[in-house]
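These are my notebook entries from one session with the structure. I record below what I looked up, in the order in which I took the topics.

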Amino acid sequence: MNHLKGVDVEIGYDEVSLIKNFSFEFRSGQVIAILGLNGSGKTTFFKSLMGSVDLLAGNIFWNSVNMKDFSFSSRQKIFSWLPARKVIEEQLKVYELLSYSAEAVNNEEVLKSSKTMDLMNHVIALMKLEKFLEKPYLSLSEGEKKKVEIAAMFMKNAPVCLLDEPSIFLDISNQKEISGILKHFAKVENKVILFSSHDLTLVESTAEECWVVSDQKVEVFTNVQEGIHSYTNKEFVIS
Amino acid sequence: MSDIKSILTSEKGRFNKWMLIVLLVLIFLTLLELSFGSSGLSISELFSPTEEFSRDVFFEIRIPRILTAIIIGASLSFAGLIMQTVFRNPLVGPSVLGISSAAGLGVALVTMAGFTSLFSDNSTAKIIAAIVFSFSILILLFSVANRFKDNVSVLIMGMLISYLASAIVDILIYVSDNESLKEYSMWGMGSFSRMSYMQIGIMVFILLVSFISVYRDRILLNQYLIGELQEIAPKKKRELVFKLLLISGLITAFVTAYCGPIAFIGIAIPNLLRFVLGISNHKYLLIGSIVLGSTVALACDLLSSMPWSVDSLPVNAVTSLFGIPIIIMLVFKSRNKGL
């Protein structure tokens with residue numbers, strides 16, 4: 001059972017602090033949604049976890065070890081990350097995209113590792129991507145692209161998955177599918193799923209805990225309905 | 001066929017098959033050029049003890065020329081491939097950093113502004129000038145590279161350097177006499193028959209070291225293609241881009257100094273390779289660019305040396321005739337895909 005804990009964390013860039021005094025904790029099997037306005041610090045929070053943005057204060061512990069001492073490659077083994085918009089060379093075929101993502105885990109070619117190959121086939125079957133494998137990424141619809149990107153993220157088999165706006169561009173049926181997939185990876189494959197979204201239906205149907213970011217603070221709701229209610233009824237100051 | 005293993009295995013098989021074919025063509029072309037050089041000498045004559053002169057032609061002219069074509073073709077298409085990866089653009093080549101233009105400016109100063117007298121020998125003067133100028137530009141680019149926000153600024157910078165260099169060259173052309181003008185434009189047409197064994201050795205060393213260093217990063221390069229480094233490891237991405245630009249700049253500087261600006265090989269070969277193989281994995285592309293690059297350069301050299309005639313055509317004319325159709329094909333191909 002993996003477990004990540006933050007103590008009095010402050011995140012932001014240089015002089016601009018986005019979230020202050022935030023303590024949090026999550027463990028394998030949880031699906032957590034983060035709600036907040038654009039620019040409130042959701043994405044920066046993800047980047048701070050991964051270490052690509054330094055913490056302004058506080059500490060984060062992975063299974064009780066302070067992550068300050070973690071190297072880039074050990075962090076890469078813990079987190080996988082799906083940005084809202086990914087810059088992908090468009091001529092790539094889907095299987096290339098997926099196998100390059102899988103290669104990243106152990107820095108090993110896919111053909112040389114039967115373990116990686118099994119994982120790839122497993123995720124491909126689970127997400128029903130067989131018919132897309134040899135198509136160019138460019139030729140897919142927006143929804144199919146997103147599914148392929150999510151699959152690429154799971155190819156890394158990291159215990160913590162961070163997703164920024166996973167349902168952007170998706171129609172209702174794709175949304176349901178994504179929701180099912182995220183829940184499956186948390187419950188069956190024992191991963192932590194942490195996603196940010198402006199899509200309240202996805203949050204409601206998928207998350208079991210919800211964090212609301214506003215005014216540099218994060219409120220944690222174990223009842224998702226309450227969290228959504230609090231978020232939608234907030235009076236946001238438009239500056 | 002939807003199993004990932006079978007797809008990847010067939011990709012590997014396709015690569016091996018094509019590489020075998022290209023290598024056989026390379027061997028065939030080498031033998032062809034060995035036996036039909038411009039002096040019309042055949043291999044059998046070489047082994048008769050009376051042919052002192054023929055042996056000189058063979059070892060001092062023909063073999064260095066073949067080796068030059070092979071190593072230059074390999075270097076340029078390798079440098080072109082890594083530039084195309086860095087800029088995610090199939091239409092850039094090794095010359096985009098402005099380094100070959102800078103080398104051209106150096107040579108223009110030597111041939112047309114009369115700096116030749118500083119050196120005992122004219123061709124050494126050109127090489128030294130080309131290396132000094134291209135290295136100055138390379139150092140200049142890298143000393144300000146930290147201030148660039150993104151890769152596109154590097155491209156713009158390279159373009160501006162090229163324009164600046166050609167503006168100065170234009171002034172020199174305007175004031176220079178016919179003889180030095182001809183010498184400069186001959187240099188600009190490129191040639192595979194200027195390199196000594198020593199220079200070929202230097203080039204082989206540079207390519208070998210760069211190739212090993214880039215090939216070790218092949219998995220990282222693939223991740224670069226899928227945007228994996230962008231957010232997770234911005235520092236690592238920066239280091240990688242720096243290294244690739246430096247290697248490509250270094251190769252371009254030496255190639256231009258030794259052979260003049262060789263056109264289109266660097267842009268066309270990586271595209272031809274992707275088109276024929278349908279592969280974008282750097283494990284294959286890096287090796288393929290070396291093999292296909294040297295083969296095509298040798299073929300161009302063979303055509304330019306025109307075995308049926310005493311004269312030989314400028315290499316650049318032949319490489320352009322070969323490269324331009326490939327680029328046109330590429331433009332149409334990407335149009336069809338709805339870009």
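Entry 1, Ala103(B). I listed the contacts of Ala103(B), leaving out residues up to four places away in sequence, and obtained Ala130(B), Phe133(B), Ser134(B), Ala253(B), Thr256(B) and Ala257(B). The model I am reading is a predicted one. I placed Ala103(B) in helix 4 of chain B. I then asked whether Ala103(B) is buried or exposed. I found 31 C-beta neighbours inside 10 Å, and Ala103(B) therefore counts as buried, the threshold for that class being 20 or more. I also looked up the pair Ala103(B) and Thr252(B): 149 residues separate them in sequence, and their C-alpha atoms are 9.4 Å apart in space.

Entry 2, helices 4 and 5 of chain B. I turned to helix 4 (residues 99-112) and helix 5 (residues 122-144) of chain B, whose axes come within 7 Å and cross at roughly 140 degrees. The two helices are therefore oblique to each other, since an angle has to be over 145 degrees to count as roughly antiparallel. I noted the crossing of helix 4 and helix 5 of chain B as right-handed. On the helix 4 side, the residues making the contact include Ala103(B), Gly106(B) and Val110(B); on the helix 5 side, they include Ala130(B), Phe133(B) and Ser134(B). By class I recorded 14 nonpolar, 2 polar and 1 charged residue for this contact.

Entry 3, chain B against chain A. I asked how many residues each chain gives to the contact. Chain B provides 25 residues and chain A provides 34. On the chain B side, at least two residues each come from helix 1 (4-35), helix 9 (218-225), helix 10 (228-232) and helix 11 (234-259). Helix 1 of chain B gives the most to this side, with 5 residues. I recorded the classes of the chain B side as 9 nonpolar, 7 polar and 9 charged residues.

Entry 4, positive phi in chain A. I looked up Asp14(A), which is not a glycine yet has a positive phi of about 35 degrees. Asp14(A) sits in the loop between strand 1 (3-13) and strand 2 (16-27) of chain A. Because Asp14(A) has 7 C-beta neighbours inside 10 Å, I entered this residue as exposed. Asn21(A), also not a glycine, has a positive phi of about 45 degrees. I located Asn21(A) in strand 2 of chain A. With 13 other C-beta atoms within 10 Å, Asn21(A) is partly exposed, because the exposed class ends at 12.

Methods. Residues numbered from 1 in each chain as written. Chains lettered and ligands numbered in written order. Predicted model: local features only at pLDDT ≥ 70, side-chain atom pairs only at ≥ 80, totals over all residues. Axes fitted to C-alpha atoms, helices over the stretch in contact; angles between N-to-C directions. Helix = DSSP H or I, 4+ residues; strand = E, 2+ residues; numbered from the N terminus. Parallel < 35°, antiparallel > 145°, perpendicular 65-115°, else oblique. Left-handed = near helix turned anticlockwise from the far one by under 90°. Contact = placed C-beta atoms within 7 Å. Nonpolar A, V, L, I, M, F, W, Y, C, P; charged D, E, K, R; others polar.
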